[in-house]
Amino acid sequence: MAIIRLQDKESYPELIAGGEQVCNQCGHCVAVCPHGALSHTLVPLESCPPVRKELLISEEQAVQFLRSRRSIRAFLKDRPVEKETIKKLIEIARYAPTGGNSQMVEWTVFTDKAKIKELSRLTVDWMRSVLQKDPQPAYAPYLPMIVATWDAGYDIVLRNAPAMVVASAPKQDPNGLVDVTLALSYLELAATSKGLGTCWAGLVQGAMLSSPQMKKEMGIPEGHPHHYPMMLGYPKPKYFRLPERKAPKINWK
């Protein structure tokens, strides 16, 4: 925000006139001081731990960590995810960047198996309503297969996941959907440190976007048009290689 200035090398940093009114509590002033001499009433020094050099990761470590992230669609059936573990992941996810440092992302967490199963059923019901209007929807040709699989007794909507988290943001958040996406990305990357796997629940998201009743059933806060659900659980499969992806398309200007 450039609301702190240094007149010269001999002076102390000071706020510009009216700086208090435009401060968005980003904490940069506290984080940038190498001597720990700056604090902020709303971002106190004691809440901002120093960067530990021994925890910095190399480029090679970062690449392996990011490439090893997988979408998990098979979970250990008899191992629930502890609420304290989910809370810890959400605590980490709150450090994801938000537009204007608004920090408006909220969380709704499901750990009851029966409730999660019901949300899968409601999602399938939404698919049935779509297929009644258009038996072969061009935008989602896989819907008939999913409904048929459900009718055969298999849940490929939420995959019998033991937990599901939903990040949401209110309409007052102009960057809401991006903020939600970044928070979920932080959570899923942090989940690997707890031995957990995740999968973005796009089918449930489709139902939420199309059915106000679905959002109400899920208890998403009223006035939250920005949202996305994510499955969470202990993964059944193990992976030993890093799959390749398409080469990036780069347009240099």
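## Exercises on a predicted structure

With a relative accessible area of 27%, R159 is partly exposed, and this value, like the others below, comes from a predicted model.

**Exercise 1.** Find where R159 and N160 lie, and state what their phi angles have in common.

*Solution.* Begin with the position: R159 belongs to the loop between helix 6 (143-151) and strand 4 (163-169), and N160 lies in the loop between helix 6 and strand 4 as well. Next, consider the backbone, where phi of R159 is near 55 degrees, a positive value in a residue other than glycine, and phi of N160 is likewise positive, near 55 degrees. As background, most residues other than glycine have a negative phi. Finally, turn to the surface: N160 has a relative accessible area of 45% and is therefore partly exposed, since that class runs between 20% and 50%.

**Exercise 2.** Classify the one aromatic pair of the structure from its geometry, and say which parts of the chain it links.

*Solution.* The rings to examine are those of W200 and Y228, whose centres are 5.4 Å apart and whose planes meet at 70 degrees. Because an angle over 60 degrees counts as edge-to-face, this pair is edge-to-face. The next step is to place the partners in the chain: W200 is in strand 5 (residues 197-200) and Y228 in strand 6 (residues 226-233), 28 residues apart, so that the pair links distant parts of the chain. As for accessibility, W200 counts as partly exposed at 23%, and Y228 counts as partly exposed at 21%.

**Exercise 3.** Check the length of helix 7 against its expected span, and work out how its buried residues are arranged around the axis.

*Solution.* Helix 7 (residues 176-191) has 16 residues, which at 1.5 Å a residue should span 22 Å, and its end C-alpha atoms are 22 Å apart, so the two values agree. Now list the buried residues of this helix, which are G176, D179, V180, A183, L184, L187, E188, A190 and A191. They cover an arc of only 165 degrees around the axis, which puts them on the same side of helix 7. A general rule helps with reading such a list: an α-helix has 3.6 residues a turn, so residues three or four places apart point the same way. What the buried residues of helix 7 pack against is helix 4 (83-93), strand 3 (106-110), strand 4, strand 5 and strand 6.

**Exercise 4.** Describe the largest nonpolar core, beginning with the residues that touch the most other members.

*Solution.* This core has 30 residues, of which M127, V157, L158, V204 and M218 touch the most other members. The elements that give two or more residues to it are helix 5 (113-133), helix 6, strand 4, helix 8 (202-210) and helix 9 (212-218), and the largest share, seven residues, comes from helix 5. Taking V204 as an example, and not counting residues up to four places away in sequence, one finds that V204 touches T123, V157, L158, M214, M218 and P229. There is also a second, separate core of 21 residues, which includes L89, V165, L196 and M230.

**Exercise 5.** Decide whether T98 is buried or exposed, and name its contacts beyond its neighbours within four places in sequence.

*Solution.* T98 lies in the loop between helix 4 and strand 3. Its relative accessible area is 18%, and because this is under 20%, T98 is buried. With the neighbours within four places in sequence left aside, T98 is in contact with Q103 and D179, and D179 is one of the buried residues of helix 7.

Terms used: Residues numbered from 1 in each chain as written. Predicted model: local features only at pLDDT ≥ 70, side-chain atom pairs only at ≥ 80, totals over all residues. Heavy atoms only, no water. Helix = DSSP H or I, 4+ residues; strand = E, 2+ residues; numbered from the N terminus. Buried < 20%, exposed > 50% of the residue type's maximum accessible area, 1.4 Å probe, protein only. Phe/Tyr/Trp six-rings, centres within 6.5 Å; stacked < 30°, edge-to-face > 60°. Expected span 1.5 Å × (residues − 1). Arc of directions from axis to C-beta. Contact = heavy atoms within 4.5 Å. Core = buried A, V, L, I, M, F, W, Y, C linked by side-chain atoms within 4.5 Å.
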